[in-house]
Amino acid sequence: MSFSTLGLHADVLSILDTLAYETPTPIQQAAIPDVLAGHDVMAGAQTGTGKTAAFALPLIQRHLERGPAPKSIRVLVLTPTRELAQQVHQSFVKYSQGLGLNAVVAYGGASINPQIEALNAGCDVLVATPGRLLELAIKQLIDLSSVETLVLDEADRMLDMGFIIDIERILKRLPDTRQTLFFSATFNDDVFALSKTLLNQPKLIEVAERNAAAAQVEQRIYEVDSKRKAGLVAYLIGSKNWQQVLIFTRTKQAVDELTKELGKDGIKAAAVHGDKSQGARDRGLEEFKTGQVRALVATDVAARGLDIEQLQYVINYELPYNAEDYIHRIGRTGRAGKAGLAISLVAPKEKYLLEDIEKLTGEHFVPQWLEGFEPNLMAQEESTSSKRKPSKKALRAKALGQGGSGKSKTGKPRRR
Ligand code: AMP
């Protein structure tokens with residue numbers, strides 16, 4: 001199938017030609033005709049499947065068909081993070097080169113004045129994070145009454161990040177009659193509940209199994225003790241001569257520590273987390289993209305929405321507390337059909353997190369040991385056997401006939 005069969009305009013097709021996009025991805029094949037026809041859409045798609053173009057291309061075309069609308073925002077795209085906002089904004093710019101469409105991006109953590117200036121200069125498509133958008137709206141610096149299409153990108157993450165109240169307040173400022181496009185990589189009850197309040201007879205699009213990890217990513221689990229993880233990461237990058245590796249940790253502190261440790265091992269790494277200024281985060285990402293550093297160490301929130309073409313390696317230095325984050329993390333590789341490798345380092349005390357991921361994805365992982373980094377089994381056995389060993393208090397209670405079996409003398413379970 002080619003893009004020309006989806007009803008796209010010659011101008012848009014010629015841009016796709018210059019970008020060397022030959023075949024629409026499954027989400028693009030499914031969504032583009034529906035968005036062009038003005039339908040509401042609820043789409044579940046894995047990360048890296050081309051979902052940005054799936055909504056950007058038809059929305060650009062609809063804008064062209066209607067002609068210019070001076071100083072009125074026609075399309076509003078909400079994203080959970082500034083990185084994703086930047087990414088989506090860049091995509092709109094890329095997909096509408098020379099077509100006279102003004103796309104503006106607004107997010108928190110950066111000066112508001114240039115964003116206001118850009119808005120005042122004329123904005124057809126606004127890509128924004130909920131907090132900054134609300135700030136602009138409350139200060140009456142923005143008028144959302146002409147929005148024709150609302151896109152919620154990565155809706156699941158917006159809910160995870162607690163944006164629901166902001167979203168509700170934004171919705172009150174939008175026209176009731178509008179097109180709404182709802183994208184989410186994962187679905188749970190909260191995501192469905194939000195979609196119900198937003199969508200009107202939506203077209204449902206599901207191009208991959210729900211909550212499935214990207215199919216073209218090989219997932220490998222190494223069992224390793226926590227204190228040896230930094231050494232293992234340095235060993236993998238060095239011995240395999242990997243040039244571009246994205247590494248996830250759970251905390252900002254772990255990002256900083258690992259970045260330092262890698263530096264000591266001669267591996268240049270950039271750190272990206274929420275305590276870094278926007279400038280520092282942009283710089284880190286740029287250094288990583290241009291190959292000035294080999295590793296980018298990031299927390300989940302900071303890494304959300306990063307699109308680095310041809311990223312082959314992702315390492316989960318620590319498993320996420322939220323199993324859905326695992327899917328997002330490994331979705332940073334294996335993008336647009338390319339192969340990827342996702343390695344997770346699992347310390348004995350993190351095994352329950354791996355079980356959560358198995359439950360969510362329906363996959364069964366067989367953790368392996370890496371030679372030279374085998375976990376200390378003696379320590380593990382000691383800790384499990386010490387768990388099994390009853391305490392003195394329990395032994396005394398048993399001697400006094402005060403339970404331990406969880407049953408009363410009558411054999412009925414005790415009330416707790
Ligand atoms: P997304 O899922 O929107 O973040 O897109 C993932 C990556 O795939 C981006 O780098 C896009 O530029 C690229 N991409 C999107 N659609 C296509 C396509 N039809 N052919 C080739 N690359 C694409």
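**View 1. Tyr-235 and its ring partner.** Tyr-235 is partly exposed in this predicted model, with a relative accessible area of 40%. Is its partner Phe-373 buried or exposed? At a relative accessible area of 10%, Phe-373 is buried; the cut-off for that label is under 20%. A search of the whole structure turns up seven aromatic pairs. Tyr-235 and Phe-373 make up one of them, a tilted pair with 5.5 Å from centre to centre and 45° between the planes. Zoom out along the chain and the two rings turn out to come from distant parts, 138 residues apart. Tyr-235 belongs to helix 10 (residues 229-240), while Phe-373 sits in the loop between helix 15 (351-361) and helix 16 (377-388).

**View 2. Tyr-326 meets Phe-365.** What kind of pair do the rings of Tyr-326 and Phe-365 form? Their planes are at 65°, so the pair counts as edge-to-face, with the ring centres 6.2 Å apart; the cut-off for that class is over 60 degrees. Tyr-326 lies in helix 14 and Phe-365 in the loop between helix 15 and helix 16, so this pair ties together parts of the chain that are 39 residues apart in sequence. Both Tyr-326 and Phe-365 are buried.

**View 3. Three phenylalanines and two charges over rings.** Phe-55, Phe-92 and Phe-183 are linked into a cluster by ring pairs. Two tyrosine rings have a charged end over them. Lys-229 puts its charged end over the ring of Tyr-317, 5.7 Å from the ring centre. For Arg-250, the charged end sits over the ring of Tyr-321, and here the distance to the centre is 4.4 Å.

**View 4. The six-stranded sheet.** In what order do the strands of this open sheet run? Read across, the six strands go 8-13-12-9-11-10, and the pairing is parallel. Strand 8 (217-223) and strand 10 (269-272) form the edges, each pairing on one side only. Neighbouring strands are turned by 20° against each other on average, with direction ignored. Helix 14 (residues 323-330) packs on this sheet, where it touches strand 8, strand 9 (245-248), strand 12 (313-316) and strand 13 (340-346). The direction of helix 14 makes about 155° with that of strand 12. Helix 14 also carries Tyr-326, the residue from View 2.

**View 5. The strand 10 and strand 11 pairing.** Strand 10 and strand 11 (residues 295-298) run parallel, with four bridges joining them. Which residue of strand 11 is the bridge partner of Ala-270? That partner is Leu-296.

**View 6. The seven-stranded sheet.** This open sheet has seven strands in the order 3-4-2-5-6-1-7, again with parallel pairing. Its edges are strand 3 (103-106) and strand 7, and each of these pairs on one side only. From one strand to the next, the twist averages 15°. Inside the sheet, strand 2 (residues 75-78) and strand 5 (residues 149-152) pair in the parallel sense over four bridges. Leu-76 has Leu-150 of strand 5 as its bridge partner.

**View 7. Two loop residues with positive phi.** Where in the chain does Ala-20 lie? Ala-20 is in the loop between helix 1 (10-18) and helix 2 (26-36). Its phi is near 60°, a positive value in a residue other than glycine. With 54% relative accessibility, Ala-20 counts as exposed, because the cut-off for that label is over 50%. Gln-201 is the other residue in this view, with phi near 40°, also a positive value in a non-glycine residue. Gln-201 is placed in the loop between helix 9 (189-198) and strand 7 (203-206). Its relative accessibility is 71%, so Gln-201 counts as exposed.

**View 8. Stepping back to the whole chain.** The protein chain contains 17 helices and 13 strands. Of its 416 residues, 52% count as buried. Take the contacts between residues at least 6 apart in sequence: 75% of them join residues at least 24 apart. The accessible surface of the chain comes to about 20,000 Å², and carbon and sulfur atoms account for 49% of that.

Terms used: Residues numbered from 1 in each chain as written. Predicted model: local features only at pLDDT ≥ 70, side-chain atom pairs only at ≥ 80, totals over all residues. Heavy atoms only, no water. Pairing = 2+ DSSP bridges. Axes fitted to C-alpha atoms, helices over the stretch in contact; angles between N-to-C directions. Contact = heavy atoms within 4.5 Å. Buried < 20%, exposed > 50% of the residue type's maximum accessible area, 1.4 Å probe, protein only. Areas by Shrake-Rupley, 256 points an atom, 1.4 Å probe, with all protein chains shown as cover. Phe/Tyr/Trp six-rings, centres within 6.5 Å; stacked < 30°, edge-to-face > 60°. Lys NZ or Arg CZ within 6 Å of the ring centre and 35° of its normal.
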